[in-house]
Structures are given as C-alpha cells and as structure tokens.
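User: Please take a close look at the sheet of this model, working from one edge to the other. I would also like to see how its strands relate to the helices and the nonpolar cores.

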Amino acid sequence: MRKKSILAIESIYNDFWLNCNRNFGVSQAPNPENMANSSVANLDTASLRQFLLDALVRLAYGEGDFTLSSGKKSSYYINGKQVTLTAEGALAVGRLLLSLLPPDTQAVAGLTLGADPIVSAVIVVSAYENRPIPALIVRKEAKGHGTMAYIEGPILNPGAAVVVLEDVVTTGKSAMVAVERLRDAGYQVDLIIALVDREQGGAEFYQSQGIKFQALFSIRDLQAAYHNK
C-alpha cells in the first residue's frame, strides 16, 4: 500500500515539474530513472527545504504593485496557497513543519483561510509518521449557526499545548487572532511557526507578547532565490 502511495506521489511530482516547464520555463524535471530518490516523500530535510523554496519562488512569489490585506502597498506579493494547495507542496510543508513541532505539541491550529491547507498537511503527515496530531481551524467570525463556535476541530483537554501555523507573517496580527481565540478556549499557545516571514514587524510583535516565533524562510531568502533563478 505504501509503495502505491509513493508511486502516486512520484507521478504528481513529475507532473508538477512538467507544468513548471510549460508555464514558467523551468526545465528541472527529474530523471525518471532517479525518481525514487527525488520524490518529495523521500527527500532529506535540506533537499526538502530547497524544493519548497523553489516552489514558493516559482509559484507563490511575484513582484509588481500590490495592496495587502492591511491596506498597505507592496512591491511584491506572496500567495502561499499556490504551493500549499498542491499535493507535493502540501507534503513538503507537512514534513518540514512536523519536524519543527515541540515533542509536547497536542494540536496545530491556524486562522482560516491561509492556514487551512497547512494544518491539514501537518496532521496527515503526522499520521504517517506514527505521531498523530489533530488540527484546529480558527474562524475569523463566529459560526453563524449550531454551536456558534470560533474553533472547528476536536475538543482538547484544558491547557493542551497548541502550536499556531501560518503561511506568511507580516505584522503578525492575523495569527495573533488565532492565538487569542485558542487561549480563550483554555489552550496553551506559546509558539507560532510560519512558512515565510516578511520581516515587517511580526517577529518583534510576537516577542512583545511573549510568544516564540519561527519561520522556514525569510523574505530575503525568497527574493535572493527569485533574482538568481
């Protein structure tokens, strides 16, 4: 069963690179003879990070004139869902973020919508790694019917250690909404992990709130790779 899953992942991975070549002029499709070694499921941590960085640069990062959700103008934009909603991108994200979770983590959570595919990827990978961790999705507004809840997912024990995940951090305010909702529900939240830190005050804000913060990549990492491709 696992062999069939690996073969399916390898097929998706190959299709991904073919699409990159067709749409973005990328000609790095893996050699079929070496596919077993280049599958996202088999890459070591360093190679996995490089794969995800390349995918973010090619598919999620763009330069131009943009308006952010905060209303501020920006010369670049990162749409993480262009990567996290692909099979191979989700697998890479799930593997990398799971490896960063503290041993006592009892759940991962995030504010909808950007964090939804991320927390989903992590919990699926956690099951394959025999370390099953549930996910919580935090609504921006309370559910309009039924329980009227802000949080979707399993009910955890009071004081459960929850790590908040985010795709891109700018000022840090979005993920902080999730932290506050989770704490109001009685959970312990001391760590936020993001895919990309735009380095526009988020890390400093979290520090001022007594929350630890990690990011897989900084905006400098993406921009350096973008201009060197």
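Analyst: Val138 stands opposite Ile151 in strand 5. The model is a predicted one, and this residue pair marks one end of the part in question. Strand 4 (residues 135-138) pairs with strand 5 in the antiparallel sense, over two bridges. These two belong to an open sheet of six strands, with the order 5-4-3-6-7-8 and mixed pairing. Strand 5 (151-152) and strand 8 are the edge strands, as each pairs on one side only. In the chain as a whole, the secondary structure comes to nine helices and eight strands.

Further along the sheet, the pairing of strand 6 with strand 7 is parallel and extends over seven bridges. Within it, Val163 has Leu191 of strand 7 as its bridge partner. The connection from strand 6 to strand 7 passes through helix 7 (residues 173-184), and this β-α-β crossover is right-handed. Val177 lies in that helix. With a relative accessibility of 29%, Val177 counts as partly exposed, because the buried class requires a value under 20%. The C-alpha atoms of Val177 and Gly110 are separated by 9.2 Å, although the two residues are 67 positions apart along the chain.

Strand 7 itself is mostly covered, with eight of its 10 residues buried. On its other pairing, with strand 8, the sense is again parallel, here over six bridges. Leu191 has Lys212 as its bridge partner in strand 8. The chain travels from strand 7 to strand 8 by way of helix 8 (residues 202-208), in a β-α-β crossover that is right-handed.

The aromatic residues give a further view of this region. Five aromatic pairs are counted. In one of them, the ring centres of Tyr206 and Phe213 lie 5.2 Å apart with the planes at 50 degrees, so the pair is tilted. Tyr206 is buried, its relative accessible area being 0%. Elsewhere, Tyr61, Tyr76 and Tyr226 make up one aromatic cluster.

At the edge, Ser218 belongs to strand 8 (residues 212-218). Its relative accessibility is 10%, so Ser218 counts as buried. Beyond its neighbours within four places in sequence, Ser218 is in contact with Val196, Asp197 and Glu199.

The sheet can next be placed against the nonpolar cores. In soluble globular proteins, nonpolar side chains tend to be buried together. The largest nonpolar core here has 40 residues, and those touching the most other members are Leu52, Leu56, Ile78, Leu97, Leu101, Leu165 and Leu222. Among the elements that each supply at least two residues of this core are strand 6 (161-169), strand 7 (188-197) and strand 8, together with helix 3 (45-60), helix 5 (87-100), helix 6 (116-128) and helix 9 (219-228). Helix 3 gives the most, with eight residues. A second, separate core of 23 residues includes Leu136, Ile151, Leu182 and Ile211. Ile151 is thus a member of the second core as well as the residue opposite Val138.

Two residues show how helices meet the strands around the largest core. Leu52, apart from its neighbours within four places in sequence, is in contact with Val83, Gly89, Ala92, Val93, Leu96, Leu216 and Phe217. Ile118 is located in helix 6. With 0% relative accessibility, Ile118 counts as buried. Not counting residues up to four places away in sequence, Ile118 touches Thr84, Val93, Leu97, Leu165, Glu166, Asp167 and Leu195. The C-alpha atoms of Ile118 and Ala135, 17 residues apart along the chain, are separated by 9.8 Å.

Some totals for the chain set these details in context. Of its 229 residues, 45% count as buried. Residues 24 or more positions apart account for 63% of the contacts with a separation of 6 or more. The accessible surface of the chain comes to about 11900 Å², and 50% of that belongs to carbon and sulfur atoms.

Conventions. Residues numbered from 1 in each chain as written. Predicted model: local features only at pLDDT ≥ 70, side-chain atom pairs only at ≥ 80, totals over all residues. Heavy atoms only, no water. Helix = DSSP H or I, 4+ residues; strand = E, 2+ residues; numbered from the N terminus. Buried < 20%, exposed > 50% of the residue type's maximum accessible area, 1.4 Å probe, protein only. Contact = heavy atoms within 4.5 Å. Areas by Shrake-Rupley, 256 points an atom, 1.4 Å probe, with all protein chains shown as cover. Core = buried A, V, L, I, M, F, W, Y, C linked by side-chain atoms within 4.5 Å. Pairing = 2+ DSSP bridges. Right-handed = clockwise from strand over helix to strand, strands pointing away. Phe/Tyr/Trp six-rings, centres within 6.5 Å; stacked < 30°, edge-to-face > 60°.
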